[in-house]
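Thanks for coming. I will put the structure on the screen and then go through a few points.

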Amino acid sequence: MLSPDPDPFSVLSEEYQSAFWPYFQVAYERMQAYAETLSPALRDALKTFGPRGTGPLPPRNLKPHSIWVAQFFGITDEEVIARAFLASLQMELHCCLQDRRIDGELRRGLSLAMSDALSNVLLTDSLREFENLAGHEDFHRYVRQAFCDLGEAYAAEQSGALANLSPEKMFKAVVDRAAPFHILVASLGLRSGRVSGIAPCSSMTCHLVMWFQILDDATDWEVDLSRGRRSYLLHRMQQFMEGQPFGEWKPTDVANALYLFGGAETLLGECVDQLGAALAIARKHAAPPAQADTPESLVHWLERFLEIHAGARRWSIARKWEFLKSVAV
Amino acid sequence: MPVLTPPPAPGQEQEAEELPFEQIREHVRRNGEIESVQILKQETRSHLSRIKASWPGDWSYD
């Protein structure tokens, strides 16, 4: 028997929290202060994001997109990073409210009207701060493009066309949903004056979005299948389903495809490819802070993610060979 | 129990590009989901879940 799956993930998670904790703490405090500026009803609505209604978002649940994008453009001013972090959080909460509404999953106690009211205020405040940070008239054009792309991505999914798209177009339909990420990139890119870096940074974020979408689909596929929603992962499982039409897929068959017949390892291979592509862009285009040998640098973390996913794939394949050996005896 | 092709030597799986999945499919086809298959399935499921669970927050956009 292979030694129990070494758990590099929890070690990595601790390392990650330690590297970004000071930033997360500041962002959390600013979010709390922001909540105090809202009217009482909206403040209560915002609390639906927190655990047990204590929201909004505990520091452990934050993520370092804003820090990495700032590094990419050579921005080291901590005040700028903190402002971008808060604006990103507001934008993500806005998108999250919209998604919950679209999926009919609003939290108990939050009416549609209150959700919309809060969503509008979050979007307004987020865009205002991003625009202030950008300080450039072109910012509006980038925001418009990001939301138009988002609309196209929704349309592709709604029409069922996703299944027939080429791999390149399917990739675009997935990553175009990340409007908040693209708006953050445009804002900090314009602020830095490194406008030629906006396209590569957006491209890098697309690979990161795709990577995480795969992992996200891997935990949600049963819900997606029960709703008849063909997520990216379910598209990729087609090759393991021996020609069965999607409408006839049973959870057991998909579980076998994913966990026994190569689905998981194929997807982990795709994660490695996406992370590798993101890393190549960062190495080529990112400013020195992103490439520095520091615990929070973008390149450092892309290398770590890549290493961990490649290791996870190797372990999974080796475990299956071991299984075959054991049943052959 | 079917006779299965022996696995490649340790460390040579990647180089040989030989993957075990068709043999596992054949094994399941012939023997059904015996206990060891169910364990293998559960292990792979946990493996994938733990990778995602170790990152903070939700990075997806759907």
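**Chain B, then a helix pair in chain A**

Chain B has 62 residues, and 19% of them count as buried. Keep in mind that this is a predicted model. By secondary structure, chain B holds three helices and zero strands, and along the sequence its pattern reads α-α-α.

Now to chain A, and to helix α9, which covers residues 198-226. What span should its 29 residues have? At 1.5 Å a residue, the expected figure for α9(A) is 42 Å, and the C-alpha atoms at its ends are 39 Å apart, which agrees. There is also a bend in α9(A), of about 70°, located at A:Asp220. Just past the end of α9(A) comes A:Gly228, with a positive phi of about 70°.

Next, the packing. Helix α7 of chain A, residues 167-175, packs against α9 of chain A at an angle of about 85°, and the two axes are 9 Å apart. Angles from 65 to 115 degrees count as roughly perpendicular, so α7(A) is roughly perpendicular to α9(A).

Which residues make that contact? From α7(A) they are A:Phe171, A:Val174 and A:Val175. From α9(A) they are A:Cys206, A:Val209, A:Met210 and A:Gln213. How do the residues of this contact divide into nonpolar, polar and charged? Six are nonpolar, one is polar and none is charged.

To recap the two chains: chain B is three helices with zero strands, and in chain A we looked at α7 packing on α9 at about 85°, with α9(A) bending at A:Asp220. That is what I had.

Terms used. Residues numbered from 1 in each chain as written. Chains lettered and ligands numbered in written order. Predicted model: local features only at pLDDT ≥ 70, side-chain atom pairs only at ≥ 80, totals over all residues. Axes fitted to C-alpha atoms, helices over the stretch in contact; angles between N-to-C directions. Helix = DSSP H or I, 4+ residues; strand = E, 2+ residues; numbered from the N terminus. Parallel < 35°, antiparallel > 145°, perpendicular 65-115°, else oblique. Contact = placed C-beta atoms within 7 Å. Nonpolar A, V, L, I, M, F, W, Y, C, P; charged D, E, K, R; others polar. Expected span 1.5 Å × (residues − 1). Bend = angle between axes of the 7 residues up to and from the residue. Buried ≥ 20, exposed ≤ 12 C-beta atoms within 10 Å, placed from the backbone.
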